[in-house]
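Here's a short set of exercises to work through with the coordinates open in your viewer. Try each task before you read its solution.

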Amino acid sequence: MRIEPWDPADEATALGCYEVHRAATAADEPLEPPMSAGSFGLFLREGFEKTPGETWVASDADGGIVGFYRMHLWDLENVDRASIGPVIHPAVRRRGFGRALLRHEAERAAANGRSVLSGVVVTGSAGAVFAQALGAKLELDEARRIQYLDKIAPGVIAAARREAERAAVGYSLVNWTGPVPEQFYAPLANVMNAFEDAPRGEDVEPEAWTAERIRDRGDTWVRAGLMRGYGVAALHDATGEMAAYTAVVVDPEAPQFGWQQLTAVTRPHRGHRLGLLVKVAMLELLAEAEPQLTNIQTGNAAANQHMIAVNEQLGYEAVEPGWQWYEMPVADILGRL
């Protein structure tokens, strides 16, 4: 097997990696479609939120692409870590390609001064079995929930809106389509930092958001025209503070799916059903902007009982499989492979 760095100008190799991604998604992910080719290409180049990193491609003796990895090298938090492991085409699994590619990734992580390698896998997938066999530590179990919009009983959303509005006197809603408007960069950063108390791995640092970070790294795929984005926020009338926020993105190439992004409420404003209010308002916005939507998908850590309760009130159903976050010291990977 040959492992080589990917040249971002090499579109043919990017398409080969995309075919691996599509095949792996078909084998491992029973509920969601693969990324579009455009979104995948941006992921190879920039990762998530313009995270620095490296992309390496594995080929067999005939030159066929059998796998790849895009290693995120976090630069603002968790600078001791690298993340996201190798993706191997299902047709050539169990031939040692995954182990060789993971060892290569661990070597590159070490060369970049990283001591821990982490990744997320679909529960019960080949990736989960591989992580367990290697002795990786399970850091977080995340349940998947889907809101099937055509199964929501008549009157449920209107009743939830009335309930939320009774508790949220003194707050007003704003919404937008596309990237976050510039005037909301700083207020939104404050709300996003409220997510720091959400469940995460034991040694994982929360992201620290600023207006500059939102300007420079936020809404990457929406700004590139690869996703349609929607935001709803609740503002405190007395102070003008942004108190709550939720966002959903839609891939034009899979327009029936909506992907829930962050939903958060700042600590001083909790207890006013603002999480419920912004999510109900989002459903109303999407009903007009994306009438073809059939479901919205989200994930919740088992410990996040408040958001789980909000989602269940709005008709989200727990479905299998969910996702699992694993991590392992780089030195242990190198010692075992």
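**Exercise 1. Check the length of helix H5 against the ideal rise, then work out where its buried residues sit and what they pack against.**

Step 1. H5 has 12 residues, and at 1.5 Å a residue it should span 16 Å; the C-alpha atoms at its ends are 17 Å apart, which agrees. The expected span here is 1.5 Å times one less than the number of residues. Helices (H or I, at least four residues) and strands (E, at least two) are DSSP runs, numbered from the N terminus.

A word on the ground rules: this is a predicted model, so local features need pLDDT of at least 70 and side-chain atom pairs count only at pLDDT 80 or more, while totals for chains, interfaces and linings use all residues. Residues are numbered from 1 along each chain as its sequence is written, and side-chain values use heavy atoms, with hydrogens and water left out.

Step 2. Now pick out the buried residues of H5: they are Ile157, Ala160, Arg161 and Ala164. Buried means under 20% relative accessible area, exposed over 50%, and partly exposed in between (1.4 Å probe, protein chains only).

Step 3. These residues cover an arc of only 105 degrees around the axis, which puts them on the same side of H5. The arc is taken from the directions from the helix axis to the C-beta atoms. It's the usual helix arithmetic: an α-helix has 3.6 residues a turn, so residues three or four places apart point the same way.

Step 4. As for partners, the buried residues of H5 pack against strand E8 (171–177), H9 and H10.

**Exercise 2. Take apart the largest nonpolar core: which residues touch the most other members, and which element gives the most?**

Step 1. The core has 30 residues, and Leu274, Leu276, Met282, Leu286 and Leu314 touch the most other members. A nonpolar core is a set of buried Ala, Val, Leu, Ile, Met, Phe, Trp, Tyr and Cys residues joined through side-chain atoms within 4.5 Å.

Step 2. At least two residues each come from helix H5 (156–167), strand E9 (228–236), strand E10 (242–250), helix H9 (274–289) and helix H10 (305–313). H9 gives the most, with 10 residues.

Step 3. Zoom in on Leu276. Skipping neighbours within four places in sequence, Leu276 is in contact (heavy atoms within 4.5 Å) with Ala160, Glu163, Ala164, Val310, Gln313 and Leu314.

Step 4. Don't stop there: apart from this core lies another one, of 24 residues, including Leu73, Ile88, Leu102 and Leu134.

**Exercise 3. Sort three salt bridges by how far along the chain their partners sit.**

Step 1. The total count is 18 salt bridges. The rule is a side-chain nitrogen of Lys or Arg within 4 Å of a carboxyl oxygen of Asp or Glu.

Step 2. Start with the local one. Glu107 and Arg103 form a salt bridge, their closest N and O atoms 3.2 Å apart. They are four residues apart in helix H3 (residues 97–111), so about one helical turn separates them.

Step 3. Next, Arg217 meets Asp75 at 2.7 Å, N to O. Arg217 belongs to helix H7 (residues 211–217) and Asp75 to the loop between strand E3 (65–73) and strand E4 (81–83), 142 residues apart. Arg217 is buried at 17% relative accessible area, whereas Asp75 is partly exposed at 33%.

Step 4. Finally, Arg145 and Glu312 meet at 3.6 Å, N to O. Arg145 is in strand E7 (residues 137–148) and Glu312 in helix H10, so this pair ties together parts that are 167 residues apart in sequence. Arg145 is buried at 8%, while Glu312 is partly exposed at 46%.

**Exercise 4. Is strand E12 enclosed or open, and which strands pair with it?**

Step 1. Six of the seven residues of E12 (residues 295–301) are buried, so E12 is largely enclosed by the rest of the structure.

Step 2. E7 pairs with E12 in the antiparallel sense over seven bridges; pairing requires that DSSP finds at least two bridges between two strands. Glu142 has Ala301 in E12 as its bridge partner.

Step 3. E11 and E12 run parallel, joined by three bridges. Here Trp259 stands opposite Gln297 in E12.

**Exercise 5. Hunt for unusual backbone angles.**

Step 1. Recall the baseline: most residues other than glycine have a negative phi, and most peptide bonds are trans.

Step 2. Lys50 has a positive phi, near 55 degrees, and Arg273 has one of about 60 degrees. Lys50 is in the loop between helix H2 (37–46) and strand E2 (53–59); Arg273 is in the loop between strand E11 (257–265) and H9.

Step 3. For the peptide bond, look at Glu320 and Pro321, which are joined in cis with omega about 0 degrees. Pro321 lies in strand E13 (residues 316–329).
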